[in-house]
Amino acid sequence: NNSNNSNIRGDFFKLVDSYRSHPSILKLYSSVFYNNELKSVSKNADDMLNWKEFKRDENGDIHPIIFHHCVGEDKKDADSPSWYNELEITTIGEYIDKILNIKENKIIKVEQKEITILTPYYKQVKK
């Protein structure tokens, strides 16, 4: 009987526990798509909050996310319909180098295999 569990509707099961993301990252998705039910249950969500690259908001809270505006030029090679931006590639490379070489106290060591970069462009990944 599915009537006792609001997360089960017919053939659909709504997952509401996130094991990978900090609550700051989930907040928007939780409010827009999950009726504020999406929750972070990650044991490591706060591991990097002391990293100097993360800034405090107007309330003094630290959020483990960076928005970095790049003005670079969008390019497309003749052999591919996909786009890339060299300034964006360089910028994200600099952040990866910083993450892999963190020397600050109370921050867990991050390995390359633990880093994920999301981009909608295949060519951006290949560059």
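This briefing covers helix α2, the largest nonpolar core and the surroundings of H22 and I62. The structure is a predicted model. Helix α2 spans residues 86-100, and two of its buried residues, Y95 and I99, belong to the largest nonpolar core. I62 is also a member of that core and touches H22, a residue outside its own sequence neighbourhood.

**Helix α2**
- With 15 residues, α2 reaches 21 Å from its first C-alpha to its last, close to the 21 Å expected at 1.5 Å a residue.
- T91, Y95 and I99 are the buried residues of α2.
- Viewed down the axis of α2, these buried residues fall within an arc of 80°, so they line one face of the helix.
- An α-helix has 3.6 residues a turn, so residues three or four places apart point the same way.
- At the N-terminal end, N85 acts as the cap of α2, with a side-chain oxygen 3.0 Å from the backbone nitrogen of L87.

**Largest nonpolar core**
- This core has 10 residues, namely M48, L49, W51, F54, I62, Y95, I99, I102, I107 and V110.
- Not counting residues up to four places away in sequence, I62 touches H22, S24, L49, F54, K55 and R56; of these, L49 and F54 are listed in the core.

**H22 and its surroundings**
- H22 is located in the loop between β3 (17-18) and α1 (23-33).
- Because buried means under 20% relative accessible area, H22 counts as buried at 9% relative accessibility.
- The side chain of H22 reaches the backbone nitrogen of S24 at 3.0 Å.
- Leaving aside neighbours within four places in sequence, H22 is in contact with S40, A45, D46, L49, I62 and P64; L49 and I62 also appear in the largest nonpolar core.

Key
Residues are numbered from 1 along each chain as its sequence is written. This is a predicted model: local features need pLDDT of at least 70, side-chain atom pairs count only at pLDDT 80 or more; totals for chains, interfaces and linings use all residues. Side-chain values use heavy atoms; hydrogens and water are left out. Helices (H or I, at least four residues) and strands (E, at least two) are DSSP runs, numbered from the N terminus. The expected span of a helix is 1.5 Å times one less than its number of residues. Buried means under 20% relative accessible area, exposed over 50%, partly exposed in between (1.4 Å probe, protein chains only). The arc is that of the directions from the helix axis to the C-beta atoms. A polar contact is a pair of N or O atoms within 3.5 Å; within protein, one must be able to donate a hydrogen and the other to accept it, and residues adjacent in sequence count only if both atoms are side-chain atoms. A nonpolar core is a set of buried Ala, Val, Leu, Ile, Met, Phe, Trp, Tyr and Cys residues joined through side-chain atoms within 4.5 Å. Contact means heavy atoms within 4.5 Å.
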